[in-house]
Structures are given as C-alpha cells and as structure tokens.
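Biologist: I am new to this structure. Please pick one part and take me through it closely.

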Amino acid sequence: VTAGSTLPLGLRVAGRRVAVVGGGPVALRRVSALVAAGADVLLVAPEVEPALGDLADRGALTHAARPYAPGDLDGAWLAYACTSDAAVNARVAAEAEDARVWCVRADDAAASTAWTPAHAHTGGLTVAVHAEGDPRRAVAAREACLATLEREPVAPVRRPASGRVVLVGGGPGDPGLVTVRGRDALATADVVVADRLAPLALLDGLPDHVEVVDAAKIPGGRAMRQEEINRRLVAEATAGRVVVRLKGGDPFVLGRGYEEVEACAAAGIPVEVVPGITSAVAVPGLAGVPVTHRGVSQGFAVASGHVPPGDPRSTVDWDALAASGLTLVLLMAVDTLGAIAGVLTAAGRDADTPVTVVRDGATSRQQAVRATLADAADRVAEAGLRPPAVVVVGDVAGLAS
Ligand SMILES: C[S@@+](CC[C@H](N)C(=O)[O-])C[C@H]1O[C@@H](n2cnc3c(N)ncnc32)[C@H](O)[C@@H]1O
C-alpha cells in the first residue's frame, strides 16, 4: 500500500449501527472503543470474551449469540471482521463490499477497505496514525506524537464566550496520579486556580499564557478565603476564560468542592467536575495499607478530625464510628489524634487497634508511623510528624510491614 492511498477520516459513529463479527480479544479492543464513541454495536459471535458479555448484559451493545450469517450487515455503516477464521472474515468482507459498507478485516489489512489507525485522545486532541500497513510503526509514531504533545501542549484556539469552570480532582500530589480527563482539562485552561495539596508539578507543564493563581494566597481571613476563591472562579469565567480549579485528592471529599459548584451555579457559570483519586484511599495504599481486606475489614469510613470530639461544632458520631467495625480513615487529624484515640477507646475500640499515620503521601517526603490507638499520639509527636497526613485506624493498619 503506498503513501496517500488511504484517506483519513473521523467517523462519527454515535447512534449508528456498526456490525462486529467475532468475539475474541481483537473484538474486545474494537468494541470497547465503539461503545465509548456511542455506536449502536451489533456483535455477532457464538461465544464472546467475558467483558463483551458483560457489556451486552448491561445493554451497551446487542449480542447475537450465533455464527455470522449473511444479512448481519443490514443497516450497518461500518463492519469489523474479527473472527479467527479467515474464511468467515472473507465472507463478511464480501458482504460489506456488495453493500458498500466499509470493512476492517483483523486478519488481512490488504483485503480491508478501512484501517484502524493507532490512536489516542489527549488534551482534547485525537492523534491517529496510519503507517502504510505497518502497525508497529504506527504505534511508535503515535507515542512520539503523544510525547511531543506532553512536552509542548498545543493550546486550543480561543472560542469567544466559552467561560466555564472545571473542578479537577488532582489526586494526592504525584502528577502521575491525576486522571487523563484532569490533564485534558488542564490543557484547555486559561487560568488555573491551584490548591496547596494539588499536584503542583503539573503547573510547570502549562503554556506560558496560562495564568496560575495560588489559592492559598488569595487574600481574606480563614472564613473569607473560600468565598474569595468562589468569587475569583466566577469572575474569571464571567470574563470568558476556561478556569481549571485544581484541587488535591477528590473535589468532593472534605474539599469544599460542592461549595464551588454551588457558587458557579448561582452565577449561571457552567461547571464540570472531574473526580480525582482521594488521599483517603491513595495515601494509605501508597504506604502499603489497604483500607479494606477480605476477612479483615469489610468497609471504611472517612472523617475529618479538624474539629475535635466534644467540640460543639463536631457533627461526627465518634461512638458510632468506634462501634462500626469499619476501618477509620481520618484526614486533618494530626493535632486531634490523642483526643480522637481517647474517645474511640472509651467507646470500646481496643487500645491495641493498629494505627498507621502517613504524612506527605505520594511525595518524596512520604513517611509512615505505625502505632496503636493507645500510643498513636505519642508516636506521632516523637516522630515530629506534621500535617498533611492520613490516619488509618483498624486491623488493616497492622497488615503492612
Ligand atoms: C482539606 S482535606 C482535602 C482532601 C482531599 N479533597 C482528598 O480527597 O484527598 C486535606 C487533608 O487531606 C489529607 N491529605 C491530602 N493530601 C495528602 C497527602 N499527599 N498526604 C497525606 N495526607 C494528605 C490530609 O489529611 C490533609 O490535611
């Protein structure tokens, strides 16, 4: 196949019938992408990979559990022949040719009327590469494109009046633990309003024109600061900018994210939420502590310790937590650890219950202190361990060595 003998196109398959014949690993790859693109997939195969069967059970595609039969391409805009039987693939391709339906044959590129490029989506861009029938070269070229885009992001051309806010959960601090969608949102930002515990290393990769606002520096007293952040988000978006609010962990886990959503909604600003990996689960995990473990803990509760037990402002029922049998994951609890441990043991939790405190998780400064409820506050003080830290109380905290 010579250069230029294919015509690259982006097919908008949403709501359109695509017939896939074959239910093996190749079909799994193609079907997953088709379903994600919203295609009306008819999957024809007597047996399918479990994940394909699951998609069928969930109504994401139609599965005809039988061998291919002529007529299966009726109404299809596109066909995939991905069985392990070349003769069947050839029959599918022949029907497609007669019906003028583009057909991708998994086993024979030369006999295909359409090729699947090596492709990826990043930062609102789709990269798709054909390499004259050399799929490995196509994959290598795609990776080279992605690496270049990572180093030198290409900002979108401005659209007027596109002001909006994207609340991005940045994960526990390591830039490798932000989601792909979160990175994509950053690539479209005009302004990034970043929290202290967000993965700040990502800011280094932003194009020069992007304004970075350190939310910790926004003026106002403790109570005012959130209002000031809300006000700034609304003001920037009202001025037509795409504002990424880069937060630590998940925006809705003790992160005041919903207050920001409400402020935007009240001002009529469109707001999108990109969930993040919460430190409540990730930080213990990075220190080798699973928050659940079969036979040890069937669940976990996350609570903030910033208001100590007994304080009239506290809404946490510590007695109920003590009796719950759940792993307790406490954020903002370094300074209140002694008081919390006292309340939990007074309410019946064993003083020998293992406790792990992990400071600065997902950074090079990560440090874990292992203790029990009886001595956790002392161990933390001895180690000089300061916030931010995640405290895990429960038998799972004793699993890691
Ligand atoms: C205001 S809360 C925000 C939590 C965040 N929304 C989340 O889902 O992770 C801040 C607290 O999260 C915990 N935290 C966040 N990042 C952390 C990290 N990298 N290491 C340890 N603790 C962390 C600490 O308890 C810190 O005081």
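Modeller: What follows is a close look at one sheet and the helix on it, then at a second helix elsewhere. Keep in mind that this is a predicted model.

Start with the sheet. It is open and has 5 strands, in the order β13-β14-β17-β15-β16. The pairing is mixed. At the edges lie β13 (300-304) and β16 (367-372), and each of these pairs on one side only. Neighbouring strands are turned by 20° against each other on average, direction ignored.

Now look inside the sheet. Strand β14 (residues 327-331) pairs with strand β17 (residues 389-393). The sense is antiparallel, over 4 bridges. For one bridge, take Leu330: its partner in β17 is Val391.

A helix packs on this sheet: α8, residues 279-286. Helix α8 touches β13, β14, β15 (354-359) and β17. The direction of α8 makes about 80° with that of β17.

Compare the setting of helix α4, residues 135-151. Helix α4 has 17 residues and reaches 24 Å from its first C-alpha to its last, close to the 24 Å expected at 1.5 Å a residue. Ala138, Arg142 and Leu149 are buried in α4. They sit on the same side of α4, because they cover an arc of only 40° around the axis. The buried residues of α4 pack against β6 (118-122) and β7 (125-129). The face turned away from that buried side carries Arg136, Arg137, Glu150 and Arg151, which are exposed.

How values were computed:
Residues numbered from 1 in each chain as written. Predicted model: local features only at pLDDT ≥ 70, side-chain atom pairs only at ≥ 80, totals over all residues. Heavy atoms only, no water. Helix = DSSP H or I, 4+ residues; strand = E, 2+ residues; numbered from the N terminus. Expected span 1.5 Å × (residues − 1). Buried < 20%, exposed > 50% of the residue type's maximum accessible area, 1.4 Å probe, protein only. Arc of directions from axis to C-beta. Contact = heavy atoms within 4.5 Å. Pairing = 2+ DSSP bridges. Axes fitted to C-alpha atoms, helices over the stretch in contact; angles between N-to-C directions.
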